[in-house]
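Dear colleague,

I am handing over a structure that you have not seen before, and I would be glad if you looked through it with the notes that follow.

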Amino acid sequence: MKAFDQNIAVSIESVSKRYYIVDSAKAATIQGLLHIKNKKEFWALKNINLEIKKGESLGIIGPNGAGKSTLLKILSGITKPTQGKVEIFGKIASVLEIGIGFHPDLTGRENVYLSAGLLGFSKSHIKAKFQEIVDFSEINDFIDTPVKHYSSGMFIRLAFSLVSNIDADILLFDEALNVGDSAFQQKSTNKIFELIDSGKTVIIVSHNMNDITKLCNRVAYIENGEIKSFGKPNVSVLNYLSEVGNKISGPTYLATNESVLKAINNKCETIDVSILSVKIFPKAEPLRDSLYWCDELVIQTVFKKTSNKLDLAFGFNFFHQGYLFLSINSLEAKSEPCTSKDTGVYIIETSFDSGFFNTAHYNIDLFVSDDLGENTLQIKNALFIEISNKPDKSETAIFRNQSLFAGPMKTQTKWKLKSVDPKIAENIPYHE
Amino acid sequence: MSQNQNHIIYDSEQVTILAYLKNVAKNFSVITFFAKTEIKTKYVQTVLGPLLSYLQAIISITVFTIFFDYLLKVDTGTVPYVLFCSIGLMSWYNFSYLTGYGGLALVNAQHLIRKLTFPKLALPLSKALVSLFEMGIWLSIVLVLMIVYQFPITYKLLFLPIFIVLNLIIGLSITIWISALSIRYRDFFQIIPYIIGFGMFVTPVFYPGTMIPEKLSFLLFINPMAGILECLRWSLASGPFPDYRYLIGIIPIIILFVTGILYFKSIEHKITDLI
């Protein structure tokens with residue numbers, strides 16, 4: 001039986017939680033009296049199975065309403081599971097809200113003692129830990145001041161200090177990590193590392209993927225009450241982010257939608273140009289519909305110039321996960337200036353090597369401006385591309401995931417391995 | 001092994017009433033947390049602190065004495081009116097505090113209920129502790145009056161704790177029901193203050209029960225607070241031994257108290273989801 005495994009801190013066995021969508025008290029009473037049963041049910045958690053070992057740190061991620069907080073509530077015993085069973089081995093302290101139970105009119109000292117009692121710790125236990133708690137929170141001078149006079153940072157520091165120093169075996173945090181100023185945030189992160197190192201089990205719910213990958217050694221990605229992925233932080237976080245990415249931007253597209261172009265052209269009157277088409281393709285095989293890493297890529301823009309007053313400049317902004325990562329424009333072109341004042345229909349081709357792109361998704365904005373830079377036309381998300389590895393290339397799944405998560409850029413590198421004589425190992429020349 | 005204090009199981013099973021009460025007792029620190037917080041915050045930023053409670057008590061006693069003793073000349077027999085009404089008010093204020101605030105206990109603490117683990121019964125029980133603290137203040141006044149009027153300290157005083165507990169149980173039996181029902185129906189908050197205000201007049205708080213005509217005496221016997229007042233006056237102020245018919249009011253209260261706890265237990269696990 002699992003209960004006898006000494007290494008398990010928390011075991012969650014096929015836990016489900018049902019909520020009823022409640023009507024107003026009046027409606028519910030009338031329905032109750034008339035024996036009308038039209039309760040709408042809603043499963044916040046569906047058959048969750050997890051096992052958390054002692055000394056492990058588990059991160060729980062997922063969109064709002066996924067069931068993360070419901071799971072934490074069940075783990076901390078605030079609400080009961082509808083089905084299934086949770087077993088906890090050890091003293092648990094849950095922080096669903098930092099500073100919960102603090103009364104604004106009481107002093108820091110009173111609040112520490114009182115709310116520790118609320119978390120289930122005895123007065124003598126807190127007495128022994130009190131100085132540690134106060135030292136960590138750095139509010140020595142104000143410990144006998146009512147907490148309503150604290151700055152919000154001080155309040156949170158004391159509250160975090162209390163829960164992280166009371167010596168529970170298992171700690172649950174719900175979005176409680178980014179507290180205080182950046183120095184204290186660093187300190188609290190280090191504190192959590194310290195707790196994990198000293199063998200505590202930590203469970204963290206957070207929307208901050210950096211915290212999650214930094215602090216947790218396993219991550220569960222929950223959506224619609226189900227575990228979508230569970231395992232190494234990188235893998236789960238990646239699965240989550242790509243799911244989010246898909247939801248926000250949908251499938252990739254290598255040419256701008258015509259209706260988008262039409263709308264933009266109609267709207268834009270200040271600049272005498274209309275964009276007829278924008279597309280991206282690999283130079284080598286223009287008809288291939290996937291872009292491989294290290295392809296030479298071409299963005300082809302067809303436009304109609306309707307006045308001969310001014311010259312035009314073209315540019316593209318590349319975004320990776322919402323962050324601008326590269327900006328290029330025709331004024332900085334290496335080739336001779338590609339400009340023309342005359343009216344007419346033109347094709348402008350921008351080509352670049354994709355070797356420095358990572359294997360990831362990128363949004364591309366197009367902007368056109370007259371050469372005074374006063375009027376611009378912009379097409380947001382004109383293109384949405386995915387750079388992938390060539391299918392024939394051997395790659396392990398983990399490397400693919402790592403590189404996908406590693407950021408916007410990558411570069412072609414050369415690696416060389418050779419064996420050397422151990423006698424000259426101390427004195428190896430830089431180059432041969 | 002599974003009964004180890006550090007091994008907790010959460011599942012959909014219902015616990016036995018015994019295990020439930022055991023858990024409440026184990027969380028006594030939580031009950032005292034709520035009580036201490038309430039008492040401490042009551043005197044926050046006051047100069048007089050607990051003296052304020054004494055002041056309030058003394059003012060009430062003075063007003064009642066002026067009206068009913070000096071002006072209306074209510075006959076309380078051998079017991080001086082000051083002592084008579086002090087005992088009455090001590091008991092009644094305990095009851096009215098407990099039912100007035102206790103019913104709100106769960107609703108007012110809903111932010112804590114959603115985020116913390118503790119037996120919810122601790123909330124109404126903590127109100128009983130606070131009301132007990134207030135009662136202590138009144139009791140000290142009563143004891144001083146007993147000494148001033150040279151009332152003998154008799155064996156009857158030994159029964160006082162029982163009567164005080166009974167007084168709390170009367171308040172709690174109503175409080176537990178109301179706080180549990182108020183999770184769904186908050187109608188009670190509007191009604192309770194009226195019942196308490198009205199109840200003070202039909203209960204012999206500031207007049208002796210003997211003033212009620214014999215024909216209407218059943219009104220006294222079905223009123224548990226009337227019974228407990230007789231008991232307290234018997235114990236503290238050499239009043240007559242209470243009529244056994246007062247049990248008519250007190251026995252239902254005990255039943256209400258027990259069923260209240262059973263009902264509370266049956267909805268305990270739903271409170272977080274419903275409140």
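What pLDDT does chain B average? Chain B averages 86 on this score, the predictor's confidence in each residue from 0 to 100, and 98% of the residues score at least 70. This is a predicted model, in which local features need pLDDT of at least 70 and side-chain atom pairs count only at pLDDT 80 or more, while totals for chains, interfaces and linings use all residues. Residues are numbered from 1 along each chain as its sequence is written, and chains are lettered from A and ligands numbered from 1 in the order in which they are written. For the complex, the predictor gives an ipTM of 0.77 and a pTM of 0.73.

Chain B comes to 12 helices and one strand, where helices (H or I, at least four residues) and strands (E, at least two) are DSSP runs numbered from the N terminus. Along its principal axes, the C-alpha trace of chain B spans about 65 × 50 × 40 Å.

As for the interface, 28 residues of chain B are in contact with 33 residues of chain A, contact meaning that the C-beta atoms, placed from the backbone, lie within 7 Å. Helix 2 of chain B gives the most to the side of chain B that touches chain A, with eight residues.

Strand 1 of chain B also pairs with strand 4 (residues 83-89) of chain A, in the antiparallel sense and over five bridges; pairing requires that DSSP finds at least two bridges between two strands. Within this pairing, I9(B) is the bridge partner of E87(A).

With best regards

Conventions. Two residues are in contact if their C-beta atoms, placed from the backbone, lie within 7 Å.
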